[in-house]
There are 2 protein chains.
Amino acid sequence: MQNKKSKKDELDRIFSPRSVAVVGASENIKRSGYRFLKSFITIGFKGSLYAINPSTDKVFHCPAYPRITDVPGNVDHVVVCVPSIHIPSIIQDCVDKSVNSVVVFSSEFSETGTEEGRLLEEELVKIARKSHLRIIGPNCMGIYCPSSGLSFRLDMPKRSGTVAMISQSGGMAISSLLSATERNIFFSKVISYGNEADLGAPELLEYLSVDDNTSIIMVYIEGTKNGRELFSALKKACSRKPVIVLKGGISNAGARAVESHTGALSGIANIWASAVNQSGGSQVYNLEEFIDTALAFNSLKRPKGRRLGIITVSGGIGVNLSDLAIAMNFEVPLFSKEIEGQFAEIITAPGTGVQNPLDMAATYFIQNKFRSVFNIIDQDKSLDLIMMHISMEYVSRFTEINPKLEDDLINAVTGCYQRIEHPFFVVIPYTIDDDIRKNFIDKLLEHNIPIFPTIERALNAIDHCIRYYQRIDSMQCL
Amino acid sequence: MQNKKSKKDELDRIFSPRSVAVVGASENIKRSGYRFLKSFITIGFKGSLYAINPSTDKVFHCPAYPRITDVPGNVDHVVVCVPSIHIPSIIQDCVDKSVNSVVVFSSEFSETGTEEGRLLEEELVKIARKSHLRIIGPNCMGIYCPSSGLSFRLDMPKRSGTVAMISQSGGMAISSLLSATERNIFFSKVISYGNEADLGAPELLEYLSVDDNTSIIMVYIEGTKNGRELFSALKKACSRKPVIVLKGGISNAGARAVESHTGALSGIANIWASAVNQSGGSQVYNLEEFIDTALAFNSLKRPKGRRLGIITVSGGIGVNLSDLAIAMNFEVPLFSKEIEGQFAEIITAPGTGVQNPLDMAATYFIQNKFRSVFNIIDQDKSLDLIMMHISMEYVSRFTEINPKLEDDLINAVTGCYQRIEHPFFVVIPYTIDDDIRKNFIDKLLEHNIPIFPTIERALNAIDHCIRYYQRIDSMQCL
């Protein structure tokens, strides 16, 4: 058994190779080998890049060789995207070349459910065990690590963040990563690990829990070969940082689909749910909740309780928002008399309401009043959280009256956000999906303001945060 | 008591005035009178338009008069947007001029909770009762009816549809109407009725239930003065067409907000829920569900059951979609052996799965195979509904390979949609919110394909349809 330090070093090396070779690299855009090599080039991998392709001596600007063993320099990391039948000999080449890690993108292994597929996969591991070579996959997308220039799609951001993700499904990794980017969440490392023949969820979780560049861990998992090891790693990780778990294959139909997808045993829903819960993880159920929860952990100040102050432009919407907050077990308390009195002094127009939810009506669009509202509400000690609801259909209506209004409102919100002490978030529904909305959101995101499309999605994500910190606090009391 | 015929005629007249006057009309963009007059002009009201404004003789191209009684011709309909204190004398002018209906936009009536406001509101009604004048409001946006050119915002569509909406809140009417437009739902009539001093929810519901231009009714309601009358009207309406009810003020905080918003008593959540349920209405809880449900009733073929076939591009996403469908009490049955065999012949690439959920991987982007998949799945008698999940992050990836792919896929989907016999819908998540996504959605909407952003929102809306039709069927069996 290696000690912890060397284990961490071993995995650190996987995420910071000095040289990468892509087996099956090609300039033919239809080939997967095109995508991987081009992804490394696009994201700006700084080390040596090699193409392994017997029929040419260059792919893009990268020197090409027939085999890995033909490369003159060191090769730390390899990505393989050729048919499965050729892969054992490529793994042997990796061993011979003292390669550190290999991503096997190719499928047609154990996930097919055939004896042939299973044996082929075992063979890869058997060969790798002859050296220190670690296999990621097969049937996976591999590694995205922007700080060291590893990527598996051309449209992945160069910007690093502190969220990490491990995903048994490549598709889910891609969808989650790109959805997260839209919400201003950036990543330290993403690992799509597929069939988990060698390197799998438990080791990756242990590694990420001690990775200084990672503060939040997202996990998409369909099943495991070793539940005990997985949950022990999960528990350890949860004691150090928030871990958000999306489990695929909870239902019979989902489990059936898992079999042909990554070949994993998906276990039984209730066992999983209670194991995740006992580990201290935040269990989520769909892609939106996965991202929302990461956003809440990543961008929202830590909320101390469930008492919500609501700022809105429309009475009817305020009524509905209150109902929804209460239904989600949050409180919408009365403002203190003093706060209410201060609001009454500045919000005086017909059709307004100075209680919580605050119905500002047109006052919403008067910059200095807007700033005052923020200053006042932020003084209210009876609130734990402040939410602003922005109905773009009002912004566009008032933009007719004052074309500068959109920018004014953006400046007011971002300015207030910098000063506000309460945990604060914005809800912007998809009422009108136009350029004004898109610009508005982009500008708020530049200031790291957490934005959710509905109050339910926001409060559900925040509920995960509140419960996580409660668990952590109660653990520290023990 | 009038008979039904004359009652219908009376309300028909409100929705098809030959002439409209706006009291407080102005060319000053900051005034509400600007907005109303400009809205009538923009949507193309065909009759005579008058401005009531003592300080000018023309507002835009419309002749202006100091008072309604000064207008030389008939005035059928009036919109009032001047401070509340002036309104009794304007209502008297309406009576003197034999006006048929008046929308009182202005607030500061009973919703303020003051005795003064309540008395002022009563006074309006007392004056109106001297003739056949009907009041809509006060504290409301009034009427949108594109076929007759009535509107209350500049950005409301000219296109008519067969959905009607009544809303106690003007803001909710606007947000719902514009959200619906984005989803390709168009309206016969929308009435924001505010404080309900005279014309209110029961009468409007009765009218819409026999309105031949209306096939679905949406109701946003905060409270009522006469529960018995309301629920009797609701029951009658539900027996004739789907009625979707969003109730504001279910919680204590929501109810508190209702008081200052429209002054209505909002009742107790459970009483409402069971009354709506007993009436046969579909109770929804937020704006998104309100629109989703209208979309399902409006655009989806009537589903016979809950057995769902899923077409997807990614295994992991298919696994999660199945889990979510099962959790929502739908079924994801195995395809019949024959259907599975047919799929296996055309979906042969590595990484695919030919069971339900169908994981097409790259086959998704091969046009003739895509068409075959639709033909095959549509033959499966064990399915009640077919759903296609479109991950835009894959469309953009494959568009790199084949720039024509986006159009090809749009053509394939719309072509297949025209032939498919099963109820069919599309789920396009907000993973990447870019122009490709927007164009894609716009094109599918042109063909009236129902699109939802998540499977849960789709199935929740469809669940409302299934339960509504079950109730109707069981009523017909009695």
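**B:R118 is partly exposed, with a relative accessible area of 35%.** In this predicted model, local features require pLDDT of at least 70 and side-chain atom pairs count only at pLDDT 80 or more, whereas totals for chains, interfaces and linings use all residues. Residues are numbered from 1 along each chain as its sequence is written, chains are lettered from A and ligands numbered from 1 in the order in which they are written, and side-chain values use heavy atoms, leaving out hydrogens and water. Relative accessible area, computed with a 1.4 Å probe on protein chains only, classes a residue as buried under 20%, exposed over 50% and partly exposed in between. B:E115, at 47%, is likewise partly exposed. The two side chains form a salt bridge, 2.7 Å from N to O; the term denotes a side-chain nitrogen of Lys or Arg within 4 Å of a carboxyl oxygen of Asp or Glu. B:E115 and B:R118 are three residues apart in helix α4 of chain B, about one turn of the helix. Helices (H or I, at least four residues) and strands (E, at least two) are DSSP runs numbered from the N terminus.

**A salt bridge joins B:D292 to B:R457 at 2.8 Å, N to O.** B:D292 belongs to helix α10 (residues 287–299) and B:R457 to helix α17 (residues 455–477) of chain B, so the pair ties together parts 165 residues apart in sequence. B:D292 is buried, at 2% relative accessible area, while B:R457 is partly exposed, at 23%.

**A:R467 and A:D463 form a salt bridge within helix α17 of chain A.** Their closest N and O atoms are 3.0 Å apart. The partners are four residues apart in this helix (residues 455–477), a separation of about one helical turn. A:R467 is partly exposed, with 34% relative accessible area, whereas A:D463 is buried, at 14%. Elsewhere in chain A, a network of salt bridges links A:K7, A:E10, A:R129, A:R134, A:D198 and A:E203. Over all chains the count is 44 salt bridges.

**Helix α3 of chain B is largely enclosed by the rest of the structure.** Seven of the ten residues of this helix (residues 87–96) are buried, namely B:I87, B:P88, B:I90, B:I91, B:D93, B:C94 and B:V95. They pack against β1 (19–23), β5 (77–80), β6 (101–104), α4 (115–128) and β7 (134–136) of chain B. B:S98 follows the helix, with a positive phi near 55°.

**Loops of chain A hold two prolines in cis peptide bonds, A:P138 and A:P357.** Most residues other than glycine have a negative phi, and most peptide bonds are trans. The cis bond between A:G137 and A:P138 has an omega of about 0°, and A:P138 is in the loop between β7 (134–136) and β8 (142–144). Between A:N356 and A:P357 the cis bond has an omega of about 5°; A:P357 is in the loop between α12 (337–346) and β15 (358–359). A:F60 has a positive phi of about 50° and lies in the loop between β3 (58–59) and β4 (62–65); this residue is partly exposed, at 24%. For A:E108, phi is near 80°; the residue is in the loop between β6 (101–104) and α4 (115–128) and is partly exposed, at 36%.

**A:Q168 is buried in the loop between β9 (160–167) and α5 of chain A.** Its relative accessibility is 1%. A polar atom of the A:Q168 side chain lies 3.1 Å from the backbone nitrogen of A:G223.

**Chain A and chain B bury about 5300 Å² between them.** This buried area is the accessible area (1.4 Å probe) that two parts lose on being put together, summed over both; carbon and sulfur atoms give 54%. In chain A, A:R256, A:R397 and A:D433 lose the most area to chain B, together 11% of what that side buries. Each chain brings 69 residues to the contact, which means heavy atoms within 4.5 Å. Zero salt bridges are found across the interface. Helix α11 supplies nine residues to the side of chain A that touches chain B, the largest share.

**A turn of 180° and a shift of 0.0 Å along the axis lay chain A on chain B with an RMSD of 0.0 Å.** This is the relation of a two-fold axis. The superposition is by least squares on C-alpha atoms of residues with pLDDT of at least 70 in both copies. The same surface serves both copies, since 99% of the contact residues of chain A recur in chain B.

Key
A polar contact is a pair of N or O atoms within 3.5 Å; within protein, one must be able to donate a hydrogen and the other to accept it, and residues adjacent in sequence count only if both atoms are side-chain atoms.
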